[in-house]
Amino acid sequence: MSAFSAIGEEREIDREEFTPTLEPQATWCPGCGDFGVLKALKQAMPEIGRNPDEVLLVTGIGCSGKLNSYFESYGYHSIHGRSLPISRAAKLANPELEVIAAGGDGDGYGIGGNHFMHTARENHDMTYIVFNNEIFGLTKGQTSPTSPKGHKSKTQPHGSAKDPVRPLSLALTSGASYIARTAAVNPNQAKEILVEAMQHDGFAHVDFLTQCPTWNKDARQYVPYTDINEADEYEHDPTDRDAAAAMASEAEQALYEGEVLTGRFYVDSDRPSYSEEKQAIGEMPEEPLAERYFDD
Ligand code: SF4
């Protein structure tokens, strides 16, 4: 790792500190939307004032899991769908860490769907970035939970007979306290949303639309998109839960009809995080759990 400053020390942080000094051992295809996530994340880090050694990035299995190879921080490349419980444990043990979990739509909404629902329900304080390219990319383009109905792939050559998962609505009904959608083609909005998500106290879910030009050639490139917080035709109030439910439902339907609605769908800054709830009922100490088990 590069020469980091002491944790908590105030200084100017450069995004390039999050570029590994070792050549990445992993490779993303040219044109992959995952590069957009990486760029936005590196741009967001200086704004939240975190050094690489204050950040833990936990990934699942998939092309998205290679993010650890491109991003300088503490990292944990976990197993399929399990980035969230590992992230939860790390955050509970060391609340001072900035914990980011990342995975694909297959990893997060399929194999790890149970963890997604319950991590949102319990409002664990972390950011969850889901690279949503509507297919399983690493394993060569199989149908995923967000593939549109009728999508043809090697696993479903006659087209998917299933309606896709609606991740924004699922996050909201499960209890996530920050919900946003952005796209790799929109790095400025993506950076702003990631900054907000990391600064949010509670479970922040970012559905990050990414293109897979190698295996999902039918996929929309997510342009043009509309920002629901900026466009005149929407006066969306993300603090209104009912409005968020309606907006999420509209965006999820629109996505499969060729209109891409992005932005902040829901923000609840008042809901206590899991740790705060536990501390309030005396089940969890104020000091970090890690201090009980490790010396300096
Ligand atoms: Fe990206 Fe698709 Fe290549 Fe994976 S297979 S790196 S998702 S373009």
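Both faces of strand β8 are covered, with Phe 203, His 205, Asp 207 and Leu 209 buried on one side and Ala 204, Val 206 and Phe 208 buried on the other. A residue is termed buried if 20 or more other C-beta atoms lie within 10 Å of its own, exposed if 12 or fewer do, and partly exposed in between, with C-beta atoms placed from the backbone. In a regular strand the side chains alternate between the two faces of the sheet. Strand β8 spans residues 203-209, and seven of its seven residues are buried. Helices (H or I, at least four residues) and strands (E, at least two) are DSSP runs, numbered from the N terminus.

The structure is a predicted model, in which local features need pLDDT of at least 70 and side-chain atom pairs count only at pLDDT 80 or more, while totals for chains, interfaces and linings use all residues. Residues are numbered from 1 along each chain as its sequence is written.

**The sheet**

Eight strands form an open sheet in the order β2-β1-β3-β4-β8-β7-β10-β9, with mixed pairing. The edge strands are β2 (74-77) and β9 (225-227), each of which pairs on one side only. From one strand to the next, the twist averages 20 degrees. Two strands are said to pair if DSSP finds at least two bridges between them. Four of the pairings are set out below.

| Strand pair | Sense | Bridges | A bridge pair or opposed pair |
|---|---|---|---|
| β4 (residues 126-132) and β8 | parallel | seven | Tyr 128 and His 205 |
| β7 (residues 178-183) and β8 | parallel | six | Thr 182 and Phe 208 |
| β1 (residues 55-59) and β2 | parallel | four | Val 58 and Tyr 76 |
| β1 and β3 (residues 98-104) | parallel | five | Val 55 and Glu 98 |

Strand β1 is also mostly covered, as five of its five residues are buried. Val 55, Leu 57 and Thr 59 lie on one side of β1, and Leu 56 and Val 58 on the other. Thr 59 has His 77 as its bridge partner in β2.

**Helices**

Strand β7, helix α7 (residues 187-199) and β8 make a right-handed β-α-β unit. A crossover is right-handed if, with the strands pointing away from the viewer, the path from the first strand over the helix to the second runs clockwise. Helix α8 (residues 241-255) lies across β7 and β10 (260-267), and runs at about 160 degrees to β10. Such angles run from 0 to 180 degrees between N-to-C directions, and axes are lines fitted to C-alpha atoms, for helices over the stretch in contact.

The axes of helix α3 (residues 83-93) and α5 come within 8 Å and cross at roughly 35 degrees. In this contact, Leu 84, Pro 85 and Arg 88 of α3 meet His 115, Phe 116 and Thr 119 of α5. The residues of the contact divide into three nonpolar, two polar and one charged. Ala, Val, Leu, Ile, Met, Phe, Trp, Tyr, Cys and Pro count as nonpolar, Asp, Glu, Lys and Arg as charged, and the others, Gly among them, as polar. Two residues are in contact if their C-beta atoms, placed from the backbone, lie within 7 Å.

**The ligand shell**

The residues around the ligand are Trp 28, Cys 29, Cys 32, Asp 34, Cys 63, Asn 133, Gly 137, Leu 138, Cys 212, Pro 213, Thr 214 and Trp 215. A residue is near the ligand if its C-beta atom, placed from the backbone, lies within 6 Å of it. By class, this shell has eight nonpolar, three polar and one charged residues.

**Individual residues**

Ile 135 is found in strand β5 (residues 135-136). Ile 135 counts as buried because 26 other C-beta atoms lie within 10 Å. Beyond its neighbours within four places in sequence, Ile 135 is in contact with several residues, including Gly 141, Ser 153, Cys 212 and Trp 215. Ile 135 and Asp 34 are 101 residues apart in sequence and 13 Å apart in space, C-alpha to C-alpha.

Glu 134 lies in the loop between β4 and β5, and its phi is near 70 degrees, a positive value in a residue other than glycine. Glu 134 is buried, with 27 C-beta neighbours inside 10 Å. Asn 123, in the loop between α5 (113-122) and β4, has a positive phi near 55 degrees. Asn 123 is buried, with 24 other C-beta atoms within 10 Å.

Glu 12 is found in the segment before α1 (34-48). Glu 12 counts as exposed because it has 6 C-beta neighbours inside 10 Å. Glu 12 and Ser 169 are 157 residues apart in sequence and 38 Å apart in space, C-alpha to C-alpha.
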